[in-house]
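Work through the exercises below with the structure open. Try each task before reading its solution.

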Amino acid sequence: MTAAAEKINLLGMPKAKLEAFFESLGEKRFRATQVLQWIHQRGADDFDQMTNMSKALRDRLKEIAEVRGPEVVYDETSKDGTRKWVMRMDNGNSVETVLIPDGERGTLCVSSQIGCSLDCTFCSTGKRGFNRNLTAAEIIGQVWVARKAFMPFEPNAERPITNVVMMGMGEPLLNFDNVVDAMNLMMEDLAYGISKRRVTLSTSGVVPALDRLGEVTDVSLAISLHAPNDELRNQLVPLNKKYPIAELLAATRRYLARLPDKRKATIEYTVIEGTNDQPEHARELAQLLKGLPCKINLIPFNPFPESDFRRPSMNATRRFQAVLNEAGYIATIRTTRGDDIDAACGQLVGRVEDRTRRSQRYIAVQQITP
């Protein structure tokens, strides 16, 4: 008998890999279709539930494979309906996953790493440091767990999750292969069947990986920009020193040009009082994005203990928005959701055994700062 820790977790296998797995067992490829539907459309995690397969095959699968999602250690719903799960992964680390309901739409914010290897100054996740990449099973497992939390899996049941955004903990493009496998499962008709327009990957600007992404998928794209010039972005998003704005926007244009439809990139801009919230910043941003098919999502900064940044006034944010609107851009202000349970944008922390020691450095600075 194969030890549980050595078993192959089928949860994270997209169709092509599952077909190869069954072929390696001497089985027909259509077994992959059956198992995909059992796992992702019916929520099965026990091979004995998969009754359209022979008992001999089910017994064989029990010996070598498993369907294992993350363990839920916290499940809380905000007063505004936002729901947050803390899910424990292997080795005791945990990530946070958030579902934001909005009328008939339910947007699930999914994590790709335990912590984050980047250190954006306005993001609480980055201050916790970094432990490791999530596996494909751990990424799609967040969708699987959230889906199971609402109602029994039924073929024609109303979907609680209509959109997925890879905007949780971590930089998705630094966990490329696992993120792509998980997104393929999100869009797979035999699994979740979410439209490519409704699966969005957010990146801080890993340019080579963004170019590679355009070769393998056509999900929607969000760019975590937050500044209208390199000098300021170097301070807010240190990755900019390696891949400056001009390179990032050029890669964004290349990605959009590959898409078979006329989709726009979403430009994410966290508005921080006294840092990047002035009308001149808005005018500079409008000029910077000229000619790029995009819409702009303004995100008022959400405070957290390790940061000295402050949330801008709504009047300042609206003035910023008005400049962009007058320049012809669609610019919206993201409504802060779930901040009473620390589920708002930039507040996700989970539990990270920090291999970078970054969290220790921030704690030390706090202790010596008057």
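## Exercise 1: Strand S6 and its neighbours

Three bridges first: 3 of them join S6 to strand S9 (residues 163-166), and the two strands run parallel. This is a predicted model.

**Task.** Which residue of S9 is the bridge partner of Cys109? Which residue stands opposite Arg105 of S6? Is strand S6 largely enclosed or not, and why?

**Solution.**

1. Start on the S9 side. Cys109 has Val165 as its bridge partner in S9.
2. Turn to strand S5 (residues 94-102). S5 and S6 run antiparallel, joined by 5 bridges.
3. Find the residue opposite Arg105: it is Asp102.
4. Check the hairpin of S5 and S6. The strands have 2 residues between them, and Gly103 takes a positive phi near 65°.
5. Now judge burial. Of the 5 residues of S6 (residues 105-109), 4 are buried, so the strand is largely enclosed by the rest of the structure.

## Exercise 2: A salt bridge between two helices

**Task.** Locate the salt bridge between Lys17 and Asp181, then classify each residue as buried, partly exposed or exposed.

**Solution.**

1. Take the distance. The side chains of Lys17 and Asp181 meet at 2.5 Å, N to O. The cut-off for a salt bridge is 4 Å.
2. Place the partners. Lys17 is in helix H1 (residues 15-24) and Asp181 is in helix H6 (residues 176-187). They are 164 residues apart, so the pair links distant parts of the chain.
3. Classify Asp181. Buried means under 20% relative accessible area. Asp181 has 10% relative accessibility, so it counts as buried.
4. Classify Lys17. Its relative accessibility is 44%, so it counts as partly exposed.

## Exercise 3: Two more pairs

**Task.** How far apart are the closest N and O atoms of Asp48 and Lys62, and of Glu268 and Arg334? Where does each residue lie?

**Solution.**

1. For Asp48 and Lys62, the closest N and O atoms are 3.1 Å apart.
2. Asp48 lies in the loop between helix H2 (30-41) and helix H3 (55-64), and Lys62 lies in helix H3, so the pair ties together parts 14 residues apart in sequence.
3. Both are partly exposed: Asp48 at 37% relative accessible area, Lys62 at 30%.
4. For Glu268 and Arg334, the closest N and O atoms are 3.7 Å apart.
5. Glu268 is in strand S12 (residues 265-271), and Arg334 is in the loop between strand S14 (331-333) and helix H12 (358-368).
6. Glu268 is buried at 4%, whereas Arg334 is partly exposed at 24%.

How values were computed:
Residues are numbered from 1 along each chain as its sequence is written. This is a predicted model: local features need pLDDT of at least 70, side-chain atom pairs count only at pLDDT 80 or more; totals for chains, interfaces and linings use all residues. Side-chain values use heavy atoms; hydrogens and water are left out. Buried means under 20% relative accessible area, exposed over 50%, partly exposed in between (1.4 Å probe, protein chains only). Two strands pair if DSSP finds at least two bridges between them.
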